[in-house]
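User: I am new to this structure and would like a close look at a single part of it, taken slowly and with the terms explained along the way. Could you walk me through that part in one connected answer?

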Amino acid sequence: MRFRYERHFLDNGLEVIIHPDPNSKIAVFNLLYKVGSKDEMPGKTGLAHFFEHLMFGSSKNVPVFDRALERVGGNCNAFTSPDITNYYMTLPSSNLETAFWLESDRMLQLTLVEKTIETQRKVVLEEFKQRYLNQPYGNTWHLLRPLAFHSHPYRWPTIGETTEDIVNYTEEDVWDFYKTHYGPNRAILAVGGGVDPKEVLNLAEKWFGSIPASAQARLESTKEKEQKERRTLTFQANVPTDVLYKTYKMPGKGEDGYLEADLITDYLGFGKSSPMEQKLVKGRKEIASAGAYILGSQDPGLLVFSTRMDPSSSSEEGEAILDEFLADFLKQGIDDHSLQKIKNQGEAMKTYESIQLINRMMNLAMYANMGHPDLYWDEFDRKSSIRTDQVMDWANRLLRPEKSSVLHYQKEIS
């Protein structure tokens with residue numbers, strides 16, 4: 001499952017990871033910036049996601065980013081999370097230098113004139129309205145995040161806390177964000193495929209080596225205080241049925257307890273044979289669907305349970321049923337066979353995931369952001385060695401009423 005890679009650092013702080021794959025005729029160019037919505041300030045939320053849009057505009061020497069890449073047979077995309085912003089391209093290996101030219105030009109000299117800012121402001125505002133305001137249950141995380149987080153910037157979604165924040169970005173706000181967060185010392189470049197490592201490193205030096213580092217270090221996010229009381233919110237809207245979201249605070253990625261929380265949700269809510277599917281959905285008429293997952297955040301985050309109710313049942317009934325189900329789980333525990341089954345499923349998924357070159361490059365960059373690319377494999381090894389008693393120890397520590405935040409998303413009563 002392990003694959004070969006090289007790791008280098010340029011003098012300006014850019015981390016370069018190179019993974020040659022002689023079986024590939026393409027190259028993947030993945031540039032991760034260490035900036036996400038947790039790096040924003042109240043009143044100016046959504047800037048990280050806004051920049052994801054701005055970066056696909058123009059830079060000093062590139063009038064239209066996508067068009068220049070398409071000319072050499074490439075394609076690109078990006079995503080923003082609370083922790084990072086990630087840009088990636090796929091193109092023929094023979095045209096790899098084009099990716100270096102394009103990405104370095106927008107890192108150093110992105111076009112941020114008023115017209116560009118206003119065009120993307122309209123695009124993002126429309127996205128906010130269509131996906132989060134005008135869609136059933138679209139504002140779920142705008143309700144749930146501030147309920148669960150009172151201090152940490154995880155309390156707002158990546159799109160932004162309000163449309164007013166996006167409307168009120170000034171040109172100075174945009175420039176300050178760019179100068180602070182889009183330097184080489186705030187980035188990890190992962191290049192893989194049919195590439196020569198020496199050539200990749202030379203190209204990195206050629207195109208990125210002269211870009212000055214950002215002078216400002218990444219600020220530490222405000223730590224969330226320990227939650228000591230159950231929190232609840234009821235929200236009514238024009239939706240077809242009630243939905244319940246019940247979250248519990250959990251450790252961040254890489255911390256003790258994170259992998260156990262992942263195994264808990266995998267066991268309880270993954271697949272048609274999971275206990276939630278068998279006992280809550282097939283075994284009850286009140287619940288139409290149910291699931292469990294973790295947010296996967298770098299700082300302490302959330303373990304989430306959700307149930308979509310039958311139209312004749314309420315979210316309050318759903319919470320009572322879920323609480324009874326979780327109490328039974330804590331009492332009965334998980335057996336060795338079930339835990340091994342979940343581990344085997346995880347191993348199969350990781351093997352399948354690693355087949356895709358782009359997944360390999362993204363994972364190398366993401367785990368490098370956590371401290372070292374080898375954490376990609378170390379995490380799997382640690383997860384494979386976790387015992388049932390360790391899983392249940394963390395289940396009892398995490399699934400406590402005083403650590404829960406509950407959203408009752410209900411249909412309006414006519």
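Analyst: What follows looks at one open sheet and then turns to some of the helices.

This is a predicted model, in which local features need pLDDT of at least 70 and side-chain atom pairs count only at pLDDT 80 or more, while totals for chains, interfaces and linings use all residues. Residues are numbered from 1 along each chain as its sequence is written, and side-chain values use heavy atoms, with hydrogens and water left out.

The sheet is open and consists of 5 strands in the order 7-11-8-10-9, with mixed pairing. Strands here are DSSP runs of E of at least two residues, helices are runs of H or I of at least four, and both are numbered from the N terminus; two strands pair if DSSP finds at least two bridges between them. Strand 7 (231–237) and strand 9 (287–294) stand at the edges with a single partner strand each, so one side of each has no neighbour in the sheet. From one strand to the next, the twist averages 15°.

Strand 11 (residues 404–411) shows how the pairing comes to be mixed, since it runs parallel to strand 7, to which 7 bridges join it, and antiparallel to strand 8 (residues 243–250), to which 6 bridges join it. Val406 of strand 11 illustrates both pairings, for it stands opposite Thr232 and is also the bridge partner of Lys246. Ser404, also in strand 11, stands opposite Tyr248. Of the 8 residues of strand 11, 7 are buried (under 20% relative accessible area with a 1.4 Å probe and protein chains only, where exposed is over 50% and partly exposed lies in between), so this strand is largely enclosed by the rest of the structure.

Across strand 8, strand 9, strand 10 (301–309) and strand 11 lies helix 11 (residues 315–332), running at about 40° to strand 8; such angles run from 0 to 180 degrees between N-to-C directions, and axes are lines fitted to C-alpha atoms, for helices over the stretch in contact.

Next comes helix 9 (residues 258–269), whose axis comes within 10 Å of that of helix 12 (residues 336–355) and crosses it at roughly 100°. That makes the two roughly perpendicular, a label for angles of 65 to 115 degrees, whereas under 35 is roughly parallel, over 145 roughly antiparallel and the rest oblique. Contact, meaning heavy atoms within 4.5 Å, is made by Leu263, Asp266 and Tyr267 of helix 9 with Ser338, Leu339, Ile342 and Lys343 of helix 12.

Helix 9 has 12 residues and reaches 17 Å from its first C-alpha to its last, close to the 16 Å expected at 1.5 Å a residue, where the expected span is 1.5 Å times one less than the number of residues. Of these 12 residues, 11 are buried, so helix 9 is largely enclosed by the rest of the structure; among the buried ones are Leu263 and Tyr267. After helix 9 comes Gly271, with a positive phi near 90°.

Finally, to place Thr232 against another part of the chain, its C-alpha atom is separated by 37 Å from that of Asp381, 149 residues apart along the chain. Asp381 lies in helix 14 (residues 375–384) and is partly exposed, with a relative accessible area of 43%.
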